[in-house]
Amino acid sequence: MLAQQLVNGIISGATYALFALGFTLMFGVLNVINLTYGVYFSTGALIALYATRNFAFPILLALPLAAVATGLIAVVIDGLLLTPLRRKKAPELASLMVTLGATLLLYSLMTAFIGTDIQRFPPAAIDSSAIEIGGVRVSRSQILIVGTAFAMVALLLALMRGTRLGLAIRALAENPDAARLMGVDVTLVTFFVSFVSGTLGAAAGILIGLNYNAIQPYMGEVMMLKGFAVIIIGGLGDIRGALIAGLILGLLEGLTAGYVASSLKDAVGFLLLVLTLWFRPVGLFGRAAVKRA
Amino acid sequence: MLKKLTALAALPLAASLWSAAALAQSKEPVTIGAIEILTGPNNKYGIAIKNGFDLALESVNKNGGVLGGRPLAITYEDSAGNKDQAINAARQLIGRSKVPLILGPTLSNEMFAAGPVANERKIPIVGTSTTANGITAIGPYVFRTSLPEADVVPVTLKTAQQKLGIKKVAVMYGNDDAFTKSAYDVMKAALEKLGIETLTTETFGGKDTDFSAQLTKIKGLNPDAIVVSALVEAGSGILLGKKALGFPEKVRVIGGNGLNAPKVMEIAGDAANGTLVGSPWFIGKADPASQKFVEAYKAKYNMDPDQFAAQAYDTLFIVAAAINAAGAAEPEKIKDALGKVKYTGVMGPFSFTENRDPAETSGVVVIEMRDGGFKQFN
Amino acid sequence: MPAFLDDFLFSYQSLIYALGINGLLALSMYVVLAIGQLSLGQAAFMGLGAYTSALLTLKLGTPFALVLLASMAVPALAALIIGVPTLRLSGVYLALATIGLGEVLRIAFVNSELTGGALGLSGIPEKAGYAIIFGALLLALIAFVLVSRSRLGRAMEAMREDEVAAGMLGVHLPRYRISALVVSAMLAGLAGALNAHVSSFISPNDYGFDAAVTILSYALLGGIGSPFGPVVGAIILTLLPEVLRPLHDFRLVFNGLIIVIAVLFMPHGLVPWRIGRTGARP
Amino acid sequence: MNGAILTLENLTVRFGGLAAVDGVSFHVEPQTVHGLIGPNGAGKTTAFNLISGLGHQSDGHIRFDGETIDKWPSWQRAQRGLARTFQNIRMFGEMTVLENVLAGMHAHVGGGIGATLLRLKSFGAAEAAAIAKAREILAFVGLANISTRAGNLPYGDQRRLEIARALASDPKLMLLDEPAAGMNPSETSGLIDLLLRLKARGVTLLLVEHDMHFIMHLCDRITVLNFGRKIAEGTPIEVRSDAKVIEAYLGTKVAERLEAGARVR
């Protein structure tokens, strides 16, 4: 059973990591707690659901399509809500509040039109049969989630470390004013980061929706709480940290439920969060410079 | 002077208006209140219930309404699943709309909050979907037409024990929701009473989607069945997770009322096969009244009714009967009449116990999910 | 009392109570925001107060005055535990730590036999009323007005505007941060206790993330320039669901829209003016 | 040395391996004006931040007014009598001019929470005394429009207000980070006059400034930093003829002025 529990933990950890990647990017680079991120998770899954179910799109086409569409929505929302605040140099709290209002608005709009019933992808959308190796079972969609999480981390790290755009993003994360002085087109890079985050959030929503078959407007809200834990434990804006923290969280939750008590499963993440803040606020792998003077 | 003249001129007109009003008064609708979740994440329950009420209301009014020709009407108040708003709704229905009776609220949680308000003002309040323990203990004006889990669950478990020879089970329940927690309490008691061994008790959150850790542990213990107290979302997830982990076919899930919804099969697909639930009603019930209800519901709303809609549908007829028996739209009389109503609806014969719970459990059917539909099991 | 007034008070009693209680909650958020920090733990503090008070009343029959004191003391202790380590960090971390606190508490309430699990505690006697709720609100408002027109208020405003500069003027930053958080926890705890003693029933899910966010929106909608802003915000957002009831499905949409518009076009909230511009006096 | 109000010993701070301030030692004599100069990126503002407690050194010691304050937070240093202004003015823009100065007096005005809430007599007296003193300080720096919102003041007046606010904390040592930046010549000469009056009032000044005319005119002693290291120290006359200093500033406008100055002498 231990082997199966470890595999379970890795799979759910990969879903947390996949969700947290876009979140940590948005949070770390743009320096706002953007609560609309959870909405992108739901939106992506819902768009892909409609594309596959109502228009018979194959999932391999629906996934990138829905992800890109959601990325564009994220750019529009950033442009409408956050860009004006940045221009006004409004306090951090204003950005948080506006995304809070927008989140309420968007969730309830979605609910008003499509209800809160859970929906699922057509069973034919993905081969969900399981593979069994030595008594340990994994399904194909789960392998896809784990693979995508690792691939996305590699891709993002390559982008951030190996390209001029990545350099610009890092400069923006350090200090928007300095980045502007260095000739970075801050608006463009901000939109790009929003786009990538939205796309990642949507992709996570679609894959997780495929695996758990529980798609509904509020699905993102539940993930947000886990997302907070993962990005703090991993370090704000730390891509590799998000992966490792996600996996740690998934494994610890799985082992807690399997060997301690399932009622404590949800507490693990938040205890870990609080402990991280107590003893290592920069995250497990974070650099110093947490305290901005 | 001019004023006086117009006033005089208006007199005959006013008189005629007054008599018209008097005439209309006998046809004035009898308005009762209903508190349901119409918005927010749990509105599917409230909407199914509202649909059930509205369908029954149509039928009541087509057949001459209540109290000798007065139409029956319902004023809905939205609780949004929030107990504070449920209290506000109850107070406004009583204090402002002056309704003689309240239907709802949707959740047991909300009833615990709104029930005492109605009871204090001596207004009967009738839950149609509140199955938790202790609802009617709130006070003498609190009724419910939904069979409490304490009546349904033992029937289900006993049937499974007799027909499948179940000896040891694993239990899973949603521990963050009053409904699933209270159903679990009932399950625990029933399992003990029936002498079925509980190998482990696992919990989960109502919004969880991943149950693999709990199910992996359960699989290692080789239970004969898994007894689950969950709502549709988590329940479907458990069924899917169980299938993904390759449980043997013969290990069935035995659920509480929360799993009793066609939606479970829609979401879980063939993973739902074999799931047993006890129900006061189910869509495949052969009874002609029930079949007529299903057809009418489908025609009006273009979807399948669930038990919440069915319970609401019956409840409205029961309430209408009580109002007629009371002879007036007065709370105290309606309350007394409610206790004496005998009615046979889509759920079977119905009357209240002394404690204002449903008296009849003979309508309970144990049903099995199979290939996307419910089949009678017992 | 005339019948119509009696009916009116009965219809709107819990709404009127909620105005006062939510006003207190908004003030509890205000204390923290007033020094430029953000707490998303107000709902958790409220829950601690509510459970502390309900348990004392139901299980021990403690006198109500003592119950209220305890319902402030317990959240204050939690604020110290959570605040001391995180307040040395930037504001975002306090916000996240308080989210964590909220979830841990919710899980504790759900899993504890003592607190009745998900079923919560019911049958709490109605011991609070108009006088104590609005008395507490009024006292808190007066206290905040007095503080804002003093050296303490100036230090708080200085911290909100520029914490580094405030520190360079000798403002003991950690002491102010922790005091604000503790006072805020006490107010939220008091509000929780009063709420428990007018609504007869409490359950863990009343104090989740959504509730925390709602409390924050009271303060931000009203504006934090003066203690009146948050109270006005609380009144509006408490009445809004009632006023917008006919909109049904779109009620929450409007709620969200109003918040977005308020922030984008009224960044100082609906009540932008401040109290006591000392220098502005002739 | 023993009479020095501020002493830096081997002060060093590293950011990711790079030493922004590297083994700097100097001291400031009481009731003098001490200049800290150097090209951009020399580590002047970083040194100011270390002295005022907004960052902490990796190595070395700071002694202020007879105490080693290495680990003190900024507010504690401020209470002890260390005040500063900032390169980019950090006003409390929403407050009035008078309130800004009152905020500056934070450490010296009495009134705890009890006195505040009960509005004790002592509270009223302390407030009245504080307002009187604030008016005196504002008159001293030459600001008359005390009821204006600070954010609405013209630039030069904001600089003065920031100095007034720092002065309100009754400092022994005031750090001024580029006080003349962005000022026109007449504003600058007014500022020089103000700083000399401050010195006469008994406040020791340590200032970073790029305006060499300003520095040479005002300072009793100058320390020169380059790439985080101290490269020269002395009187203005000594410093401006120092070969290392001229080399450090080589190619900059300042170098031309320094050289011009050196030639004139």
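Start in chain B of this predicted model. Select helix 4, residues 108-120. Helix 4 lies across strand 4 (125-127) and strand 5 of chain B. Its direction makes about 155° with strand 4 of chain B.

**Stop 1: the five-stranded sheet of chain B**

Now show the strands around that helix. Five strands of chain B form an open sheet, in the order 2-1-3-4-5. The pairing is parallel. Which strands stand at the edges? Strand 2 (72-78) and strand 5 of chain B do. Each has a single partner strand, so one side of each is left without a neighbour in the sheet.

Next, select strand 1 (residues 30-36) and strand 3 (residues 102-103) of chain B. Two bridges join them, and they run parallel. For one bridge, pick B:Gly33; its partner in strand 3 of chain B is B:Ile102.

**Stop 2: a salt bridge in chain B**

Stay with strand 5 of chain B, residues 142-144. Show the side chains of B:Arg144 and B:Asp357. They meet in a salt bridge, 2.7 Å from N to O. B:Arg144 lies in strand 5, while B:Asp357 lies in the loop between strand 12 (348-350) and strand 13 (365-370) of chain B, so the pair ties together parts that are 213 residues apart in sequence. Over all chains, the structure holds 44 salt bridges.

**Stop 3: the seven-stranded sheet of chain B**

Strand 13 of chain B leads to another sheet. Seven strands form this open sheet, in the order 7-6-8-9-10-13-14. Here the pairing is mixed. At the edges are strand 7 (197-204) and strand 14 (373-376) of chain B. Each has a single partner strand, so one side of each lacks a neighbour in the sheet. On average, neighbouring strands are turned by 30° against each other, direction ignored.

Zoom in on strand 8 (residues 225-229) and strand 9 (residues 252-255) of chain B. They pair in the parallel sense over four bridges. Label B:Val228: opposite stands B:Gly255, in strand 9 of chain B.

Then add helix 6 of chain B, residues 178-194. This helix packs on the sheet and touches strand 6 (168-174), strand 7, strand 8 and strand 9 of chain B. Its direction makes about 165° with that of strand 6 of chain B.

**Stop 4: from chain B to chains C and D**

Show chain D alongside chain B. The two do not touch; their nearest C-alpha atoms are 34 Å apart. Which chains share the most contacts? Among the five pairs of chains that touch, chains C and D do.

Select that interface. Here 33 residues of chain C are in contact with 37 residues of chain D. The two chains bury about 3,100 Å² between them, 63% of it on carbon and sulfur atoms. Colour C:Arg154, C:Met168 and C:Leu169. These supply 26% of the area that chain C buries against chain D, more than any other three residues.

**Stop 5: polar links and helices at the interface**

Two salt bridges cross the interface of chain C and chain D. One to display is C:Arg154 with D:Glu127, whose closest N and O atoms are 3.0 Å apart. Eight residue pairs are in polar contact across this interface, both residues at pLDDT 80 or more.

Finally, show the helices of chain C. Helix 5 (130-148), helix 6 (151-161), helix 7 (163-168) and helix 8 (173-199) of chain C each supply at least two residues of the side that touches chain D. Helix 6 of chain C gives the largest share, seven residues. Colour this side of chain C by class: 16 residues are nonpolar, eight polar and nine charged.

How values were computed
Residues are numbered from 1 along each chain as its sequence is written. Chains are lettered from A and ligands numbered from 1 in the order in which they are written. This is a predicted model: local features need pLDDT of at least 70, side-chain atom pairs count only at pLDDT 80 or more; totals for chains, interfaces and linings use all residues. Side-chain values use heavy atoms; hydrogens and water are left out. Two strands pair if DSSP finds at least two bridges between them. Axes are lines fitted to C-alpha atoms, for helices over the stretch in contact, and angles run from 0 to 180 degrees between N-to-C directions. Contact means heavy atoms within 4.5 Å. Buried area is the accessible area (1.4 Å probe) that two parts lose on being put together, summed over both. A salt bridge is a side-chain nitrogen of Lys or Arg within 4 Å of a carboxyl oxygen of Asp or Glu. A polar contact is a pair of N or O atoms within 3.5 Å; within protein, one must be able to donate a hydrogen and the other to accept it, and residues adjacent in sequence count only if both atoms are side-chain atoms. Ala, Val, Leu, Ile, Met, Phe, Trp, Tyr, Cys and Pro count as nonpolar, Asp, Glu, Lys and Arg as charged, and the others, Gly among them, as polar.
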